[in-house]
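Here are a few short exercises to work through with the structure open beside you. Try each task before reading its solution.

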Amino acid sequence: MFHGLDLHQRFIQVCRIDATGQERSDFRIDATHDAITAFAETLGPDDAVVLEATFHTWAVWALLVPHAGRVVVANPLQVKAIAHARIKTDKIDAYTLAQLLRLDFIPAVEMPDERTWELRQLVTHRQLLARQRTAVRNAIYGILHRKLLRCPYCEPFGRLGRLWLRAQDFTDAERFMVENDLALLDTLTHGIEAVDERLRVTASLERDARLLMTIPGVGVTVAVGLLAAIGDVRRFASPNQLAAYFGLVPRVSQSADRCYHGPITKQGRSSARWLAVEAAQSLSQMSTPLAASYHRVKRKRGHNVAVTALARKLVVLVWYLLRKQEPYRYGPVAHTRRKLRRLTPGLAPAKPGQVPHTLEAVYREHGLPLPAAPTAAEKRAAARNLRVVTLAKKHECTA
């Protein structure tokens, strides 16, 4: 039997059809753990189930997998039959899913394992806390702007900045809001630090995370977030497929002899794309050959397009590092060593005269494999790209 499940917050609409598509039955079950478990126990190894990806799909999928012979999660963006239906009801949606499953026309989504799912949830939780912290900071800046005040320090949230804040002539309501916002800011900061510590422990145990951290601009949060979004990199046959999964490839509209390339698709995991763009923002300011593409594109298309293009190159590099199990070979030595040593705070400092001065020595210190020797053509390209970065930075300093 084939089962189509239309998920909702309070209930699940189920449509059951046979192999011929003639026998059909429709019923509802509650969207609770006990009700879904009871439904799963009625399934057998010959039954197949399909459900769309939504906010609680993973929890439902985990309950169904041990009982059904096949459980498929459909990509809702590609199930056009439901999106374009003239008459759309819960029964029709479930029936359409069941029929597509019977005909093997379901665009399936690969579900992560439990550890990967937990990492995704943890990274998403950190992003939520970071957005809330930014909102609180903006609220304090808003009070200062309304009072026509400008903090003489870098920001009003440090020790000196807070002393300056408390010395200002605020009204009682404004002072109450500032003190309340500062307390909330401290709470959010402590929460982010707690999440960062868990991510640091995870990265210290994951060799792939240490490999990604050898890329300039990629820290603990970005490395773990990218690994959580990618899962098993072997499911992507090429770096272009991984870039498409991140939504960093251009839209293509082709008909006959005409082909139009538009902006990026922005389909796929938006949180992972945000991490790649954030890493590209940091990478664009560093003296590394990879940043040359940013400066080339920036001259013609501006900062935003250049950062997006660099984010795609970064994702391509991530694919190669994970597939080849090699670290990045053009990172700044001191910066790379400093990032890797944060993963092992108990590591004894190097003795005088024995501080690693090459990337190979840094990688040996942290048990990473050495990158393969570059070809002569790659050396020339890296040197040329580094000259582009150097000239761009000189131009910015003189501008």
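**Exercise 1. Classify two aromatic pairs in this predicted model.**

Solution. Ring centres within 6.5 Å make a pair, and by this rule there are eight aromatic pairs. Start with F236 and Y245: their ring centres are 5.1 Å apart and their planes stand at 50°, so this pair is tilted. Now take Y328 and Y330, with centres 5.9 Å apart and planes at 75°, so here the label is edge-to-face. For surroundings, buried means under 20% relative accessible area. F236, at 6%, is therefore buried. Y328 is buried as well, at 7%, while Y330 is partly exposed at 23%.

To finish, look for a ring cluster and for charges over rings. W58, W61 and W117 are linked into a cluster by ring pairs. R235 lies over the face of Y245, 5.1 Å from the ring centre, and R28 sits over the face of F11 at 3.9 Å.

**Exercise 2. Work out the strand order of the open sheet and find its edges.**

Solution. The sheet has six strands, in the order β3-β2-β1-β4-β5-β6, with mixed pairing. Its edge strands are β3 (24–30) and β6 (108–109), each of which pairs on one side only. Next, zoom in on β4 (residues 48–52) and β5 (residues 70–74): they pair in the parallel sense over five bridges. Within β5, V71 is the bridge partner of V49.

**Exercise 3. Trace three of the 14 salt bridges and say which parts of the chain they join.**

Solution. Begin with D104 and R70, whose closest N and O atoms are 3.4 Å apart. D104 is in the loop between α4 (90–102) and β6, and R70 is in strand β5, so the pair links distant parts of the chain, 34 residues apart. D104 is exposed at 54%, whereas R70 is partly exposed at 36%.

Then compare R200 and E197, which meet at 2.8 Å, N to O. Both belong to helix α7 (residues 172–205), and because they are three residues apart, about one helical turn separates them. R200 is buried at 17%; E197 is partly exposed at 39%.

Last comes R341 with E365, at 3.1 Å between the closest N and O atoms. R341 lies in helix α14 (residues 333–341) and E365 in helix α15 (residues 359–365), so the bridge ties together parts 24 residues apart in sequence. Salt bridges with shared partners join R337, R341 and E365 into one network.

Terms used. Residues are numbered from 1 along each chain as its sequence is written. This is a predicted model: local features need pLDDT of at least 70, side-chain atom pairs count only at pLDDT 80 or more; totals for chains, interfaces and linings use all residues. Side-chain values use heavy atoms; hydrogens and water are left out. Rings of Phe, Tyr and Trp (its six-membered ring) pair if their centres lie within 6.5 Å; planes under 30 degrees apart count as stacked, over 60 as edge-to-face and the rest as tilted. Buried means under 20% relative accessible area, exposed over 50%, partly exposed in between (1.4 Å probe, protein chains only). A charge sits over a ring if NZ of Lys or CZ of Arg is within 6 Å of the ring centre and within 35 degrees of the ring normal. Two strands pair if DSSP finds at least two bridges between them. Helices (H or I, at least four residues) and strands (E, at least two) are DSSP runs, numbered from the N terminus. A salt bridge is a side-chain nitrogen of Lys or Arg within 4 Å of a carboxyl oxygen of Asp or Glu.
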